[in-house]
Amino acid sequence: RRRYPDRFVITVVEREPVLLLADGGLWFVDADGEVFKPVEAGEYMDLPVVTGLSIDDRVADPLGCQQRLQQAHAVIEAFGHAGELGAEDIGELRLLPSGDIAVRLAEQGVDLKLDDEAYELGLQRLDTLLQRDLLSLNAVSAVDLALRNQVVAVRKVEL
């Protein structure tokens, strides 16, 4: 801002990346869902990766994409409050065209499908199953938590 007669005031706001958007390259995204900078070689990148939004999507509907990225961050935060799994367990978070969210767990390679609105409920159900030893993530390839009344797990096929 300019302060008359002879001054300027500059306010610097540092953005903190909370996730990476994979869109032909990698981009830093802040907690507000703002894509703010491409990742350059050698930069710290131990953050969950979000896929499912293209540059065309971001140009056609910037506000909608920002909201989806905010939602992705909210899911990551919900993992941080879950008991058995944490945000560090997320390898990839895919924003599906249906609005649902698919999370790939980094270590187990398990895909979790979450409802776009009731993802916290799905994570609570999963946490209950894990705590009671009713489900082993090492024995399944996918778990659908987007259904309102049930959990569907797909057993791994061993060759």
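Strands here are DSSP runs of E of at least two residues and helices are runs of H or I of at least four, both numbered from the N terminus, and two strands pair if DSSP finds at least two bridges between them. The structure is a predicted model, in which local features need pLDDT of at least 70 and side-chain atom pairs count only at pLDDT 80 or more, while totals for chains, interfaces and linings use all residues. Residues are numbered from 1 along each chain as its sequence is written, and side-chain values use heavy atoms, with hydrogens and water left out.

A good place to begin is the sheet. It is open, has 9 strands with mixed pairing, and follows the order β5-β4-β3-β6-β7-β8-β9-β10-β11. Because β5 (35-38) and β11 (152-155) stand at the edges with a single partner strand each, one side of each is left without a neighbour in the sheet. Neighbouring strands are turned by 25° against each other on average, direction ignored; axes are lines fitted to C-alpha atoms, for helices over the stretch in contact, and angles run from 0 to 180 degrees between N-to-C directions.

Strand β3 (19-22) shows both kinds of pairing. With β4 (26-29), β3 runs antiparallel through 4 bridges, and L20 stands opposite F28. The two strands form a hairpin with 3 residues between them, and G24 in the turn has a positive phi of about 80°. With β6, β3 runs parallel through 2 bridges, where the partner of L20 is V49. Further along, 4 bridges join the antiparallel strands β8 (residues 101-105) and β9 (residues 111-114), and R104 stands opposite D111.

Helix α2 (residues 62-81) lies across β3, β4, β5, β6, β7, β8 and β9, running at about 145° to β7 (90-95). Contact here means heavy atoms within 4.5 Å.

Two spaces complete the picture. On a 1 Å grid over the protein atoms alone, a cavity is a set of points where a 1.4 Å probe fits but cannot get out, and a pocket is an open set with protein on both sides within 12 Å along at least five of seven lines; lining residues have an atom within 4 Å of a point. Volume is the space filled by probe spheres set on the points, which are joined across faces, edges and corners. The largest pocket holds about 180 Å³, and its lining includes P17, V18, H73 and I90. The structure has 1 cavity of 30 Å³ or more; residues lining the largest cavity include A118, R125 and R148.
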